[in-house]
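Got your viewer open and a hand on the mouse? Here is a short tour with a few stops, each one telling you what to select and what to look for.

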Amino acid sequence: MLTKDDFIVSSLGKCAIPSPVTGQKFVRDDESVTYFMDPAEINGYIGRGEAVPAFERAGAREMIYHNPAWCRAAILTAGGLCPGLNEVIKFLTLCLIRNYGVRDIYGIPYGYRGLNPARNLRPIKLTEDMVDAIHEAGGSILGSSRGQEDVGTIVDSLKQLGINLLFCIGGDGTSRCAHEIAEEIKKRQLSISVVAIPKTIDNDINFIDRTFGFATAVREAGRFVSCAHNEAKGAYNGLGLIKVMGRDSGFIAAYTALANPFINYCLIPEDPFSLDGSDGLKALLPHLLERMNRKHHAVIIVAEGAGQNLFKNSDRKKDASGNILHEDIGLLLKQEIADYFKRNNTELNIKYFDPGYTIRSVSAEGDDAVFCAMLAQSAAHAAMAGKTDVMVGHWGGEFTHVPIALATRQRKKIDLHTPLWSCVKSLICF
């Protein structure tokens, strides 16, 4: 059961320096955003005489901890690519320079690897001119990497570089490492703020209702779904099969299905299925054959982590970040579907799309780009106020501070009993 203590944000010390930020309302540390939306749940805490769990509200503080004249900031991106990385880098840089007057801002190349001197990678000085047009490009101008580096070595490097503001842009693996760095900094009694900015195309970080890049990913996936639908309709018994990202959570697949309602099958990790029904789960192949005999076309979207129960190999490898490497469900489905229709003497024309790397490497646009800017600004404000071991998030329409340890307890997944999945189920046929 959650308590108010789970939401306590760490600070380096008392804020005693007047903020140079002008033209906006300051936020007090006692301003909060309640975690629960249901009044019954809130009243339950009140009835028990307990404080209602709530996030600390993000935003500029009237008094700050770090003296801007003495600040040196470092920004890194780690993990897989995601739309919006360059936007976050740009707006972090601009907010620190224009709002606070911080002049020494460094980009760390290739994630945490760039903080290990043995890698022979040099920090990159970030200036207004340098970041001016980076939002037009996808990927990350700083590069990214997976894998562990020694935390002690990282903190040694931060100390040697004189860094007192560290911004870590990445997913749960990147954030866990940021938490370990913050703990090592605390152990050494150093005054370095560590702020994580949640980046995951899968939208699977807990206690945050939205991550940057997700909306762009859904929009880009829709382009491929449209092509798959055209291909399916353009051939007798045509099947368009699209695999999208979603290692453990099917948010991209589900949202893409809702945004492109001619998808007939949406397969996600949270909702197990079987090929023929022999294991007691709902059977995909007989259902697809029956539909094809009636409609003569179908579109399937599948998240990369779906259907892993169909693979017999239990000895799964892991990537450099410790994530289990899933088997390729897209290729398996393509082959199994083709074989099943052949055994049933039924013509089938499959067109297979795997746009994962295309989707994640584009730049953010529209509302997603705006969200990147607001998230970056919140991160800059948090760091200057001496907040540390914290992730900037978003909840109930507000930007928040989330303890990294809370955000990384477990991954967010689709609840099959919520309106989201109910809405998807009302559109698909399986």
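**Stop 1: helix H6**

Select residues 214-233, which make up helix H6, a run of 20 residues. From first C-alpha to last, H6 reaches 28 Å, close to the 28 Å expected at 1.5 Å a residue. Keep in mind as you go that this is a predicted model.

Now colour the buried residues of H6: Phe214, Thr216, Ala217, Val218, Glu220, Ala221, Gly222, Phe224, Val225, Ala228, His229 and Ala232. An α-helix has 3.6 residues a turn, so residues three or four places apart point the same way. What do the buried residues of H6 pack against? Show the strands E11 (238-244), E13 (297-303) and E14 (349-353), then the helices H7 (251-259), H10 (356-360) and H11 (367-384), and you have the answer.

Zoom in on Glu220, which sits in helix H6. Is Glu220 buried or exposed? It counts as buried because its relative accessible area is 9%, under the 20% cut-off. Setting aside neighbours within four places in sequence, Glu220 touches Ile359 and Val362.

**Stop 2: helix H11 and some cysteines**

Next, select 367-384, which is helix H11, one of the partners of H6's buried residues. H11 has 18 residues and reaches 26 Å from its first C-alpha to its last, close to the 26 Å expected at 1.5 Å a residue. Most of H11 is covered, with 13 of its 18 residues buried. Step past the end of H11 to Gly386, where phi is positive, near 85°.

Then pick Cys372. With a relative accessible area of 0%, Cys372 is buried. Why does Cys372 not bond to Cys82? The closest cysteine sulfur to that of Cys372 is the one in Cys82, and because they are 7.7 Å apart, that is too far for a bond; the cut-off is 2.5 Å.

Jump over to Cys177, which is buried too, at 5% relative accessibility. Its closest cysteine sulfur belongs to Cys168, but the gap is 7.2 Å, so again it's too far for a bond. The disulfide count for this model comes to zero.

**Stop 3: a cavity**

Time to look for empty space. How many cavities of 30 Å³ or more turn up in a search of the whole structure? The search finds one, and about 40 Å³ of space lies in it. To see its lining, select Cys266, Leu267, Ile268, Asp271, Phe273, Lys282, Trp421, Lys425, Ile428 and Phe430. Strand E12 (265-267) and helix H13 (419-427) each supply at least two of those lining residues. By class, the lining has seven nonpolar residues, three charged and no polar ones.

**Stop 4: the loop after E12**

Follow the chain into the loop between E12 and helix H8 (284-295), and stop at Asp276. At 48% relative accessibility, Asp276 counts as partly exposed. Try putting a distance label between the C-alpha atoms of Asp276 and Pro286: they lie ten residues apart along the chain and 6.7 Å apart in space. Leaving out neighbours within four places in sequence, Asp276 is in contact with Ala283 and Pro286.

**Stop 5: a pocket**

Last, head for the second largest pocket, which holds about 300 Å³ of space. It is lined by 15 residues, and the closest to its centre are Phe251, Lys412, Lys413, Ile414 and Asp415. Colour the lining by class and you'll get six nonpolar, four polar and five charged residues.

How values were computed:
Residues are numbered from 1 along each chain as its sequence is written. This is a predicted model: local features need pLDDT of at least 70, side-chain atom pairs count only at pLDDT 80 or more; totals for chains, interfaces and linings use all residues. Side-chain values use heavy atoms; hydrogens and water are left out. On a 1 Å grid over the protein atoms alone, a cavity is a set of points where a 1.4 Å probe fits but cannot get out, and a pocket is an open set with protein on both sides within 12 Å along at least five of seven lines; lining residues have an atom within 4 Å of a point. Grid points are joined across faces, edges and corners, and a volume is the space filled by probe spheres set on the points. Ala, Val, Leu, Ile, Met, Phe, Trp, Tyr, Cys and Pro count as nonpolar, Asp, Glu, Lys and Arg as charged, and the others, Gly among them, as polar. Helices (H or I, at least four residues) and strands (E, at least two) are DSSP runs, numbered from the N terminus. The expected span of a helix is 1.5 Å times one less than its number of residues. Buried means under 20% relative accessible area, exposed over 50%, partly exposed in between (1.4 Å probe, protein chains only). Contact means heavy atoms within 4.5 Å.
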